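Me: I would like to go through a model and ask, step by step, what justifies the terms used for it. Please set each value against its definition before you conclude.

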Amino acid sequence: MSARSRGRRLLLALLVTGAGLAVSTAFPPVGAWWAAVLGVALLELVLTRRSGWAGAGLGLLFGAGVFTPLLQFTADAMGNPLGWAALTVVESLYLAALGAGWALASRLPALSTGRRPAVARVLGFTVLWCGVEELRSTWPWGGFPFGRLAFAMADAPALSFAAYGGSVGLTALVALAAACLAEAVLQVRSGNGLVGAPTAVIAACAVVLAPLALPIAAGAQDGTIRVGAVQGNVAQGDSSFAKALEVTANHAEATEKLAEATGAGTLDMVVWPENAADRDPRTDSAAALLVEQAAQAVRAPVLVGAVPYADGVRWNDEVVWTPGQGAGAYYRKHRPVPFGEYVPLRSWLRRITTQVDRIGTDMLPGTGPTTLTVHAAVRDEDVTLAMGICFEVAYDDTLRSGVDGGGEAIIIPTNNASFGRSSEAAQQLAQGRVQAVVHGRSVVQVSTVGITAIISPKGTVLQETEPYTQASLVADVDLRTSRTVADVIGPWPGIILEAGAAALVLAGIVGAFRARGSRRRR
């Protein structure tokens with residue numbers, strides 16, 4: 001290989017890694033949403049008409065650029081970089097598949113010499129990106145949606161489209177805008193810069209800005225509930241849950257301060273975060289006493305995060321605690337986090353590393369409804385809430401199930417204590433903002449250490465706390481009963497895009513084999 005070839009390969013590697021890093025800055029804490037469009041456009045340009053192996057390698061580097069900074073919080077959670085590195089590699093492999101797929105598909109006649117190759121390229125790349133992202137977000141073990149392009153769009157003008165297309169639809173707009181920008185460069189290269197390039201740039205701008213004209217349904221349809229969201233705070237680092245009942249006591253103390261500030265009997269309910277009770281008050285009398293005292297102070301039901309254990313397994317619950325009555329209905333988390341709350345393939349992976357046993361007891365998924373019905377104290381009537389615990393905020397289908405089940409607002413209890421001051425809490429807040437628009441519901445996101453926030457159905461943060469402070473928020477939360485277009489059409493956009501991506505990749509593979517056969521016959 002000549003020095004020029006090596007230099008060119010190095011330049012391509014640097015470009016595509018830089019493109020990935022640009023995409024990572026679109027997410028919190030930087031939040032430069034437009035960088036996602038530029039980074040994905042550069043990726044498409046670099047991949048177009050490469051060989052399959054070259055596309056895979058370049059896609060892998062792009063993925064490393066995106067996920068290395070984005071998933072750094074996993075190193076904070078584990079206390080070492082092993083999980084961070086492993087998750088980054090796994091997520092980057094999906095981008096390697098995308099790279100190989102587009103490199104091959106971009107050589108198809110319809111995308112290179114057909115009647116309208118520019119339109120075909122733009123649509124083809126958009127479908128492929130969305131299909132791969134949807135696969136990554138759902139498979140295996142339920143997938144890992146962190147890094148969806150949609151979740152970088154909480155402050156973008158395109159956000160309102162989430163109410164019509166869901167998270168995958170919002171991602172599609174970003175990918176479509178990126179493909180249009182890439183096409184502008186390709187038009188210049190092909191000598192059609194005077195007409196083709198401006199048209200493509202205008203199309204990219206239109207894709208991003210047009211959703212501003214779309215209405216987002218907001219405002220109360222069934223009145224409001226007055227909610228107290230309590231952030232009890234815990235110590236940073238490994239000692240955060242080391243002292244028995246300290247976390248529970250912190251949240252009880254914050255709730256009693258809230259009662260003093262607002263007056264007893266003025267709230268419909270109070271929400272505590274995931275794991276706010278470090279011992280299950282349904283089985284531990286000392287924990288039950290603390291929760292009961294807090295509930296009596298506010299004279300309203302308290303939603304309490306607790307983890308029950310039985311027969312060598314555990315669950316993740318949010319329990320309704322009514323003063324004078326104790327524990328009642330509960331929501332049980334449906335999507336435990338693989339390698340975070342349970343370990344798939346534990347016996348096999350133990351041969352590689354003993355780190356798998358840091359999670360001593362596997363968490364099982366809940367099987368009940370994704371709603372929780374609470375008797376609102378001031379309204380004196382039952383209110384149904386859509387529920388999602390912690391990372392479930394990133395899953396459209398879990399929250400959609402709660403909304404379809406009658407949830408009039410969305411409650412997200414979460415525990416961010418393990419992630420320190422990393423970007424994880426800010427990323428989760430951005431996900432909650434997007435989901436508020438997807439489902440047309442207010443979102444109350446309550447964390448042990450922050451960020452606790454009240455989010456409107458338009459995705460606007462109405463109130464939020466500072467991380468690692470003991471604090472509480474009080475808000476009149478709008479209750480809504482209508483369904484967004486995104487919830488009505490459900491999972492179908494994702495299914496169609498996955499099928500389209502698979503068909504495109506298959507056509508690219510077949511085309512590559514045919515081209516190879518033609519060369520051999522010559």
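Me: How many bridges join strand β12 to strand β13, and in which sense do the two strands run?

Reply: In this predicted model, three bridges join β12 (residues 453-455) to β13 (residues 461-464), and the two strands run antiparallel. Pairing requires at least two bridges between two strands, so β12 and β13 count as paired with three bridges. One of the partnerships links Ile454 to Gln463 in β13. The two strands form a hairpin with five residues between them, and Gly459 in the turn has a positive phi of about 85°.

Me: What makes β8 and β13 edge strands of the sheet?

Reply: The open sheet of six strands has the order β8-β9-β10-β11-β12-β13, with mixed pairing. β8 (371-376) and β13 each have a single partner strand, so one side of each is left without a neighbour in the sheet.

Me: Why do β8 and strand β9 count as paired?

Reply: The criterion is at least two bridges, and β8 and β9 (residues 381-387) have six, in the antiparallel sense, so they count as paired. Thr373 has Thr384 in β9 as its bridge partner. Helix α13 (residues 396-404) packs on the sheet, touching β8, β9 and β10 (410-414).

Me: Which helix gives the most to the lining of the second largest pocket?

Reply: The second largest pocket has a volume of about 550 Å³. Of the 18 residues that line this pocket, the closest to its centre are Ser51, Gly52, Leu104, Ala512 and Arg516. The helix that gives the most to the lining is α16, with eight residues. By class, the lining has 10 nonpolar, four polar and four charged residues.

Definitions and conventions:
Residues are numbered from 1 along each chain as its sequence is written. This is a predicted model: local features need pLDDT of at least 70, side-chain atom pairs count only at pLDDT 80 or more; totals for chains, interfaces and linings use all residues. Side-chain values use heavy atoms; hydrogens and water are left out. On a 1 Å grid over the protein atoms alone, a cavity is a set of points where a 1.4 Å probe fits but cannot get out, and a pocket is an open set with protein on both sides within 12 Å along at least five of seven lines; lining residues have an atom within 4 Å of a point. Grid points are joined across faces, edges and corners, and a volume is the space filled by probe spheres set on the points. Helices (H or I, at least four residues) and strands (E, at least two) are DSSP runs, numbered from the N terminus. Ala, Val, Leu, Ile, Met, Phe, Trp, Tyr, Cys and Pro count as nonpolar, Asp, Glu, Lys and Arg as charged, and the others, Gly among them, as polar. Contact means heavy atoms within 4.5 Å. Axes are lines fitted to C-alpha atoms, for helices over the stretch in contact, and angles run from 0 to 180 degrees between N-to-C directions.
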